[in-house]
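Work through the exercises below with the structure open beside you. Try each task before reading its solution.

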Amino acid sequence: MSKNAGLHAASRNRKDEFYTRLPDIEKELRHYAGHFVDKIVFCNCDDPFESNFFKYFVLNFNKLGLKKLIAAGKESVKRNGCKPCVAEVTTVRDIEEYDRVDMEDIAGLFKNGENSLQELSGDGDFRSPESIGYLKQADIVATNPPFSLFREYVGQLMEYGKKFVIIGHQNAITYKEVFPLIKDNKVWLGMGFTGNAGFFQSPYEDVAKSSRHKEGLIRVSGVTWFTNLDLKKRHEPLLLTKTHSPSQYPRYDNRDAIDVGRTADIPRDYAGEMGVPITFLNKYCPEQFEIVKFRKGDDDKDLAINGKTPYFRILIRERRARRES
Ligand SMILES: C[S@@+](CC[C@H](N)C(=O)[O-])C[C@H]1O[C@@H](n2cnc3c(N)ncnc32)[C@H](O)[C@@H]1O
């Protein structure tokens, strides 16, 4: 089975229980700190007693200057038998020592009456009217949503015009519902996971054959962060060191464009269209590049070189070379 077979299987079999580790959330969200001032954050696939997203925002509530934090999720698989609940937090006191905080401290949040913890009347589905009611209040949504419902999940966020920072698989870039958002600069990739793979707590068996195994965790290759919150990386142009030569960059059979097999090999002097791998999006700076099209040539078939199709390509143009040509 391939390294990310667990996730593909998740999507097919609706195995959605992959819990995000606190250090991974911290590592990503520190790049967005300025966005949270005076904002309402909603974690809508998150049992407040289990979710590290909820925990992260409680721990950083004052530092980030949050106005309110809401967390709600479906019936927790871990807390078997407990009804789904919603936590609404507007005040956090006495949580200063980062390492010492555990979920019991968090339960203490609700003892003083300043914050509220209630059972949901419905099942906590992010599509339920109850959950959508909280979504409408929110400015920013942050979570790791169910992999199997990613299309619908992003669709709902876009429908309600929400800002978000969420985890998904990089294959979602190829979804017909998602790619147009990336092309039109409505959604982009965040900083990402080290080595392009995440380790998650999960009730499922780890079937991946990886040397980078971590005890008690499942390694999922190809996971990344999707967001529409601006971040510095997005405005840092890629340093281009290669020059174009027809012998090094084959042309497609079905599009007036060259194939560039590695993002690092994008030539600095080519004004036309170039096909690059989807991992290019980790380096994408919209001031430097324009995204033209995904995957297909003029005949609406996959881009091909001498009859062979490289793995999904994104057609891009470099803006400066184009201006100068
Ligand atoms: C990938 S897990 C991540 C859990 C948590 N957000 C985290 O990051 O640790 C996705 C969670 O969404 C829950 N879920 C599945 N379908 C859902 C739905 N329709 N609405 C809300 N939550 C759902 C799953 O039970 C699972 O706990």
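**Exercises on a predicted model**

The chain of this predicted model holds nine helices and 14 strands. Of its 325 residues, 36% are buried.

**Exercise 1. Confidence**

Task: Find where pLDDT stays under 50, and decide how to treat that stretch.

Solution:
- Step 1. Start with the whole chain: the average pLDDT is 89, and 87% of the residues score at least 70.
- Step 2. Locate the weak part: residues 1-12 stay under 50.
- Step 3. Look at what the model places there: this stretch has 26 contacts beyond four places in sequence.
- Step 4. Decide: where pLDDT is low, the predicted coordinates should not be read in detail.

**Exercise 2. The open sheet**

Task: Give the strand order of the open sheet and name its edge strands.

Solution:
- Step 1. Trace the eight strands across the sheet: β4-β3-β2-β1-β5-β6-β10-β7, with mixed pairing.
- Step 2. Pick out the strands that pair on one side only: these edge strands are β4 (116-119) and β7 (188-189).
- Step 3. Follow β7 to its partner: two bridges join β7 to β10 (residues 223-227), and the two strands run antiparallel.
- Step 4. Name a residue pair: tryptophan 188 has threonine 227 in β10 as its bridge partner.

**Exercise 3. Two packed helices**

Task: Describe how α2 and α3 pack, and state which residues meet.

Solution:
- Step 1. Two packed helices are described by the angle between their axes and the distance between the axes.
- Step 2. For α2 (residues 22-29) and α3 (residues 52-59), the angle is about 55 degrees and the axes are 9 Å apart.
- Step 3. Classify the angle: α2 is therefore oblique to α3.
- Step 4. Add the hand: α2 passes α3 in a right-handed crossing.
- Step 5. List the residues: Leu22, Ile25, Glu26 and Leu29 of α2 meet Asn52, Phe53, Lys55 and Tyr56 of α3.
- Step 6. Check the burial of α3: eight of its eight residues are buried, including Phe54, Phe57, Val58 and Leu59.

**Exercise 4. One residue in a helix**

Task: Is glutamine 137 buried or exposed, and why?

Solution:
- Step 1. Place the residue: glutamine 137 belongs to helix α6 (residues 129-137).
- Step 2. Count its surroundings: 11 other C-beta atoms lie within 10 Å of glutamine 137.
- Step 3. Apply the cut-off: a residue counts as exposed at 12 or fewer, so glutamine 137 is exposed.
- Step 4. Compare sequence with space: glutamine 137 and lysine 162 are 25 residues apart in sequence, and their C-alpha atoms are 9.9 Å apart.

Terms used
Residues numbered from 1 in each chain as written. Predicted model: local features only at pLDDT ≥ 70, side-chain atom pairs only at ≥ 80, totals over all residues. pLDDT = per-residue confidence, 0-100. Contact = placed C-beta atoms within 7 Å. Pairing = 2+ DSSP bridges. Helix = DSSP H or I, 4+ residues; strand = E, 2+ residues; numbered from the N terminus. Buried ≥ 20, exposed ≤ 12 C-beta atoms within 10 Å, placed from the backbone. Axes fitted to C-alpha atoms, helices over the stretch in contact; angles between N-to-C directions. Parallel < 35°, antiparallel > 145°, perpendicular 65-115°, else oblique. Left-handed = near helix turned anticlockwise from the far one by under 90°.
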